[in-house]
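This briefing introduces a single protein chain to a reader who has not seen it before. Please look over the sequence and the structure before going on to the points below.

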Amino acid sequence: MDNRRRHDRVKMSLNVLYGGLDGKEVLSSTMDISMSGMFVKTDAPLTLGTAIGASIDAGMIGKVVNVEGNVIREQEDGMAVEFVHVGEKDMGLLLTHR
């Protein structure tokens with residue numbers, strides 16, 4: 001299998017509020033996360049290519065980390081999101097605080 005990931009994933013369950021361009025917001029949780037993306041657990045994944053905005057509850061560092069990304073894979077139990085905009089400093093703090 002070709003592993004094209006740019007960054008290592010960290011298994012981490014965090015609350016995430018996300019929404020697409022339709023303005024509808026959904027509260028869910030992450031399965032894993034990295035500097036370049038996350039997998040969101042959901043029964044109703046958004047369509048491949050959908051642009052989303054998300055707020056990740058990073059209470060352990062006292063912050064909410066806001067990201068923007070695109071759905072790059074959808075499957076029955078969730079969706080993979082590749083980030084196009086992420087605060088690297090806050091995400092770095094989140095990923096190192098386990």
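Does Tyr18 count as buried or exposed? Tyr18 has a relative accessibility of 3%, and because buried means under 20%, Tyr18 counts as buried. The model is a predicted one. Its chain holds 1 helix and 7 strands, and the points below go from the whole chain to its strands and then to two residues.

**Overall build**

- Read from the N terminus, the order of elements is β-β-β-β-β-β-β-α.
- The chain is as compact as a globular protein of its length, because its radius of gyration of 12 Å is close to the 13 Å that the globule rule gives for 98 residues.
- Along the principal axes, a box of roughly 35 × 30 × 20 Å holds the C-alpha atoms of the chain.
- Buried residues make up 38% of the 98 residues in the chain.
- When contacts between residues at least 6 apart in sequence are taken, 52% of them join residues at least 24 apart.

**Surface and charge**

- The exposed area of the chain is about 6100 Å², and 49% of this area comes from carbon and sulfur atoms.
- The chain carries 11 positive and 14 negative charges, and the mean positions of the two sets lie 6 Å apart.

**Strands S5 and S6**

- Strand S5 covers residues 51-58 and strand S6 covers residues 63-75; the two pair in the antiparallel sense over 8 bridges.
- Within this pairing, Asp57 is placed opposite Val64 in S6.
- S5 and S6 make a hairpin with 4 residues between them.
- Gly62 sits in the turn of that hairpin and has a positive phi of about 70 degrees.

**Strand S7 and its partners**

- Strand S7 spans residues 78-86 and runs antiparallel to S6, to which 8 bridges join it.
- The hairpin that joins S6 to S7 passes through 2 residues.
- Two residue pairs illustrate the pairing with S7: Arg73 stands opposite Ala80, and Glu74 has Met79 as its bridge partner.
- S7 is also joined to S4 by 5 bridges, again with the strands antiparallel.
- Ala80 in S7 has Phe39 standing opposite, as well as Arg73.
- In a regular strand, side chains alternate between the two faces of the sheet.

**Tyr18, a buried residue**

- Tyr18 belongs to strand S2, which covers residues 15-19.
- Beyond residues up to four places away in sequence, Tyr18 touches Lys24, Glu25, Val26, Ser28, Val40, Thr42, Ala44, Leu46, Ile52, Gly53, Ala54 and Met79.
- One of these residues, Met79, is the bridge partner of Glu74 in S7.
- Tyr18 and Ala51 are 33 residues apart along the chain, and their C-alpha atoms are separated by 10 Å.

**Thr50, a partly exposed residue**

- Thr50 is located in the loop between strand S4 (37-41) and S5.
- Thr50 counts as partly exposed because its relative accessibility is 21%, and the buried class takes values under 20%.
- With neighbours within four places in sequence left aside, Thr50 is in contact with Gly69, Asn70 and Val71.
- Between the C-alpha atoms of Thr50 and Val71 there are 5.4 Å, although 21 residues along the chain set the two apart.

Note on methods
Residues are numbered from 1 along each chain as its sequence is written. This is a predicted model: local features need pLDDT of at least 70, side-chain atom pairs count only at pLDDT 80 or more; totals for chains, interfaces and linings use all residues. Side-chain values use heavy atoms; hydrogens and water are left out. The radius of gyration is taken over C-alpha atoms; the globule rule is 2.2 Å times the number of residues to the power 0.38. Buried means under 20% relative accessible area, exposed over 50%, partly exposed in between (1.4 Å probe, protein chains only). Contact means heavy atoms within 4.5 Å. Accessible areas come from the Shrake-Rupley method with a 1.4 Å probe; for residues, only the protein chains shown count as cover. Lys and Arg count as positive and Asp and Glu as negative; His and the chain ends are not counted. The place of a charge is taken as NZ of Lys, CZ of Arg, CG of Asp or CD of Glu. Two strands pair if DSSP finds at least two bridges between them.
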